[in-house]
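Hi everyone, thanks for coming. I'd like to walk you through a few side-chain contacts today, so let's bring up the sequence and the model.

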Amino acid sequence: MSDTPFGFGLPPEEPDDGDEGKKKDPQGGGGQGPANPFGFGTPGAGGFGGSGADNPFAAMFGSMNPGDLGAAFQQLGQMLSYEGGPVNWDMAKQIARQTVAQGTAQGSKDASVGPSERRAVEDAVRLADLWLDDATSLPSGANSALAWSRAEWVEATLPAWRELVDPVAERVGNAMGDVLPEEMQAMAGPLIGMMRSMGGAMFGTQIGQAVGVLAGEVVGSSDIGLPLGPAGKAALLPLNIETFGKDLGVPQEEVRLYLALREAAHQRLFAHVPWLRSHLFGAVDGYARGIKVDTGKLEDVVGQFDPQNPEQLQEALQQGMFQPEDTPEQKAALARLETALALVEGWVDAVVHAAAKPRLSSADALRETLRRRRASGGPAEQTFATLIGLELRPRRLRDASRLWASLTDARGVDGRDALWAHPDMLPTATDLDDPDGFVHREQIDFSELDKMLGEAADKPDLRKKDAGEAKDADAADGDGKDDEGKGDSTE
């Protein structure tokens with residue numbers, strides 16, 4: 001698990017390494033680090049808090065020019081007046097857009113997508129869909145192909161992030177109001193309201209930072225194995241694809257096409273397995289419900305809360321106030337989520353490899369690069385560790401891909417893809433440890449299931465032939481009488 005699972009913050013060393021952090025006056029706080037939990041302020045300006053400042057607003061006035069003050073006070077007003085849900089998503093969007101505008105740590109700046117790049121993405125997705133027809137029985141799931149800038153990715157995926165993060169943030173918000181005795185809650189109403197407003201702003205700021213950084217890394221709408229973008233829209237980020245393939249020694253066209261294959265494969269899966277999206281998001285929600293709050297530590301924070309020192313809340317989060325319960329139920333929820341995500345990514349990995357291997361000389365190299373990217377802390381691991389304290393186990397991806405490949409060899413493409421018909425038919429975490437055993441067991445089960453389905457299909461004809469006998473049997477039981485429908489239901 002993450003060391004600061006619910007801090008909703010970027011790694012502490014990140015701001016110090018960035019160009020903006022180096023340019024700031026050292027007395028102004030040095031950027032959006034732990035000493036500045038909210039990170040308010042426009043790019044290039046100091047935050048609200050300075051390192052070791054008694055007054056968290058003092059550094060702001062010492063480092064800001066007059067033109068920045070209006071924006072700073074506007075953000076402060078948004079923080080204190082927010083009365084919405086557990087996360088201030090307006091602030092999250094604003095911070096994410098600011099983070100994107102600042103560029104990546106490598107100095108890459110966002111840019112609008114040009115017509116030639118859009119055509120290249122459309123052509124790549126179209127060709128990818130043709131290749132996938134031979135590798136899976138699921139038909140195309142992309143109604144359109146889109147080329148996004150980083151800012152467009154932020155705008156398009158925030159609704160999905162809201163669905164993912166709100167369950168965790170809601171637990172935190174409720175805990176803030178539950179730590180006081182009931183008779184004191186009415187008296188402390190304004191204080192609790194202020195804490196919740198600040199909590200919503202804090203979460204919004206940290207989520208915005210995480211999503212903004214992620215926008216500089218992802219290459220499509222489904223990098224983390226979840227459908228973050230609009231349904232039926234295969235989307236790629238040309239600027240990030242160029243950065244991804246820069247040092248691989250692979251032609252840019254092949255890199256784009258391979259990533260288009262992955263995006264199109266995700267679209268097929270989520271479009272034609274209607275229960276899958278709710279299954280994955282429900283697994284995240286189930287995991288979030290198992291979070292427990294250290295009420296003793298939270299009571300101390302509430303009792304000593306100083307409205308002029310809002311970083312207390314951030315410090316409490318970073319000290320591990322909110323931790324997953326170490327219970328069988330929570331462990332099961334974690335296993336379900338990890339396994340579900342591994343099955344999605346493993347299926348995509350196996351299907352894309354089958355489609356690309358005969359056609360792209362770089363297929364093996366690109367496959368391994370993407371696997372290592374995930375194993376070394378790619379977008380999926382970083383994002384889940386930051387937002388919900390969950391680090392995916394990279395070995396599960398390889399295990400799942402191996403299982404899907406074994407199923408293809410044993411049952412063919414149709415038999416493999418038939419497992420997506422119902423969640424109860426999918427492999428479990430134990431099955432990923434023994435793929436050959438699962439393939440053998442499921443072959444027996446499927447033959448029995450086919451037999452049962454065949455018998456069930458024949459029953460209506462048998463009832464028609466023996467309708468008279470069925471009526472007599474129902475009458476003898478005293479249930480059927482003259483109602484033929486009731487007689488059939490009791491047969």
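Let me start with a question: are W347 and W420 buried or exposed? Both of them are buried. Please keep in mind throughout that this is a predicted model.

Now, what do those two tryptophans do together? W347 and W420 form an edge-to-face aromatic pair, with 6.4 Å centre to centre and 90 degrees between the planes. W347 sits in helix 15, whereas W420 belongs to the loop between helix 18 and helix 19, so the pair ties together parts that are 73 residues apart in sequence. A search of the whole structure turns up three aromatic pairs. W347 and W420 also belong to one aromatic cluster, together with W275 and W404.

Next, helix 12. Helix 12 runs over residues 276–289, and its 14 residues reach 20 Å from the first C-alpha to the last, close to the 20 Å expected. Its buried residues are L276, L280, F281, A283, V284, Y287 and A288. Looking down the axis, you'll see these buried residues fall within an arc of 145 degrees, so they line one face of the helix. The face turned away from that buried side carries the exposed residues S278 and R289. And one for the cation–ring fans: R277 lies over the face of F281, at 4.2 Å from the ring centre.

On to the charges. Side chains of opposite charge can pair when their charged atoms come close. How many salt bridges does the structure hold? There are 19 salt bridges, and I've picked three for you.

One is between D129 and R268, at 3.1 Å, N to O. D129 is in helix 6 and R268 in helix 11, so this pair ties together parts that are 139 residues apart in sequence. Both D129 and R268 are buried.

Another joins R359 and D134, also given as 3.1 Å, N to O. Here R359 is in the loop between helix 15 and helix 16, and D134 in the loop between helix 6 and strand 1, so the parts tied together are 225 residues apart in sequence. R359 is partly exposed, at 35% relative accessible area, while D134 counts as exposed, at 59%.

The third is R402 with D399, where the closest N and O atoms are 2.6 Å apart. Both residues lie in helix 18, three residues apart, about one turn of the helix. R402 is partly exposed at 47%, but D399 is buried at 10%. These two are also linked with R396 and D433 in a network of salt bridges.

That's my tour, thanks for listening!

How values were computed:
Residues numbered from 1 in each chain as written. Predicted model: local features only at pLDDT ≥ 70, side-chain atom pairs only at ≥ 80, totals over all residues. Heavy atoms only, no water. Helix = DSSP H or I, 4+ residues; strand = E, 2+ residues; numbered from the N terminus. Expected span 1.5 Å × (residues − 1). Buried < 20%, exposed > 50% of the residue type's maximum accessible area, 1.4 Å probe, protein only. Arc of directions from axis to C-beta. Phe/Tyr/Trp six-rings, centres within 6.5 Å; stacked < 30°, edge-to-face > 60°. Lys NZ or Arg CZ within 6 Å of the ring centre and 35° of its normal. Salt bridge = Lys/Arg side-chain N within 4 Å of Asp/Glu carboxyl O.
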